[in-house]
Amino acid sequence: MESLLKFGAETGFANLTFKEFVMIIIACVLFYLAIKKKYEPLLLLPIGFGVLLANLPLADLMEPGGLLYWLYQGVKLGIYPPLIFMGVGAMTDFGPLIANPKSVLLGAAAQFGIYVTFIGAILLGFTLQEAGSIGIIGGADGPTAIFLATKLAPHLLGPIAIAAYSYMALVPIIQPPIMRALTTKKERQVKMEQLRPVSKLEKIIFPIIVTVLTILLLPSAAALIGALMFGNLMRESGVVDRLTKTAQNELTNIVTIFLGLTVGATANAESFLSLSTIKIIVLGLIAFSIGTATGTLFGKLMHKLSGGKVNPLIGAAGVSAVPMAARVAQKVGKEENPSNFLLMHAMGPNVAGVLGSAIAAGTLLSLLG
């Protein structure tokens, strides 16, 4: 009987706290969003399981020597986010951005939420480093948010990562009401002219020029920009198909699994269930909403300056949730005008947003790191 009582006292059931139980429920909510709603399942499913593993008592997977502890070193050392960026670069066609360079302005405008939220976080009592890590959520770029948080505020990595990826997953729900509220029906119905063809030479030169200019201007962004552009150069060169396919598929999939599990595992009950987490979730939503709004408003300005040739909906795609934000612009535009096809036009600001969020992260890291 004494042995049985001792065994019972050493099980997870006997040591489960109320906070850990709440975190298990949060993990199940992430599973629901990933499996039932299919909101970014490649990200939310491993993150949710990481949350689950971290909050099952006595498992100690994140303790020194545990499985997730060793996998987490890739996050801690800033290895996984650039590898994800390499895969994104290998999957991304920068042709729409090259064909319409003005869309860079829409991508830049959509990063405005980062800086507004940075100021708001300071006013709510966060340190400069914490505020910078929270503000980057407005770029709707999970790897960038993780990269900056590990450098500036690693103790907030869990809530920041979960907020960033959750809002990326909820792009189709959050963005359309903002886009409709800030545009008229007539503006949403605008059909844009077909983009000019982009030559292979332009596509090859583009990642090289962007790498050189960006890193010379902002060396702290080298890891993200360098990986992104290397992946893109592999794609556009046409001579390393095996490497390109590996970056697009096997490498990205493996890193996504490790990144999701370990980031989720940082959300333990003691650190996650706090007032600061609630503030981060709210600030993240504000950041993302402001980014969507400023991108759309700048799209309206371009609409007027172009004599009505630009559909302002593409401005909302300036947040860097690729390609979901571009698809949302396409969907909202097609609802107003069934013959409308905005996807390729929206991809310009969308990929510009990826560059913009990486540059914003590099700027904050340079100033606050």
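I started at Lys38, which sits in the loop between helix H3 (18–36) and H4. I took helices as DSSP runs of H or I with at least four residues, numbered from the N terminus. Lys38 has a positive phi of about 60 degrees, although it is not a glycine.

A note on what I am reading: this is a predicted model, where local features need pLDDT of at least 70, side-chain atom pairs count only at pLDDT 80 or more, and totals for chains, interfaces and linings use all residues. Residues are numbered from 1 along each chain as its sequence is written, and side-chain values use heavy atoms, with hydrogens and water left out.

**Entry: a cis bond**

I looked up the peptide bond from Val322 to Pro323. It is cis, with omega near -10 degrees. Pro323 lies in the loop between helix H19 (275–305) and H20.

**Entry: the largest pocket**

Which residues lie nearest the centre of the largest pocket? I found Glu40, Val88, Met91, Val322 and Pro323 there, among 30 lining residues. So I met Val322 and Pro323 again, the two residues of the cis bond. The volume is about 710 Å³.

For the terms, I used a 1 Å grid over the protein atoms alone; a pocket is an open set of points where a 1.4 Å probe fits, with protein on both sides within 12 Å along at least five of seven lines, and lining residues have an atom within 4 Å of a point. The volume is the space filled by probe spheres set on the points, which are joined across faces, edges and corners.

Elements giving two or more residues to this lining include H4 (41–54), H6 (80–91), H17 (241–265) and H20 (324–336). H11 and H21 are also among them. By class, the lining has 18 nonpolar, seven polar and five charged residues. I counted Ala, Val, Leu, Ile, Met, Phe, Trp, Tyr, Cys and Pro as nonpolar, Asp, Glu, Lys and Arg as charged, and the others, Gly among them, as polar.

**Entry: the second largest pocket**

This one has a volume of about 440 Å³. It is lined by 25 residues, and Ala54, Met62, Glu63, Ala265 and Asn268 lie nearest its centre. Which helix gives the largest share of the lining? It is H18, with three residues. H4, H5 (67–76), H12 and H18 (269–272) each supply at least two. I noted 14 nonpolar, seven polar and four charged residues in the lining.

**Entry: helix pairs**

I took axes as lines fitted to C-alpha atoms over the stretch in contact, with angles from 0 to 180 degrees between N-to-C directions.

H11 (residues 142–152) and H21 (residues 343–368) have axes that come within 10 Å and cross at roughly 5 degrees. They are therefore roughly parallel to each other; that term covers angles under 35 degrees, and roughly antiparallel those over 145. Residues that meet, with heavy atoms within 4.5 Å, include Phe147 and Leu148 in H11 and Ala361 and Leu365 in H21. The contact has eight nonpolar, two polar and one charged residues.

Next I looked at H10 and H11. Their axes come within 9 Å and cross at roughly 170 degrees. That makes H10 roughly antiparallel to H11. Gln129, Gly132 and Ser133 in H10 meet Leu148, Ala149 and Leu152 in H11. I found three nonpolar, three polar and no charged residues in this contact.

Last, I checked H9 (residues 112–123) and H10 (residues 128–135). They pack at about 140 degrees, with axes 8 Å apart. The contact residues include Phe118 of H9 and Leu128 of H10. Seven are nonpolar, three polar and none charged.

Key. Angles under 35 degrees count as roughly parallel, over 145 as roughly antiparallel, 65 to 115 as roughly perpendicular and the rest as oblique.
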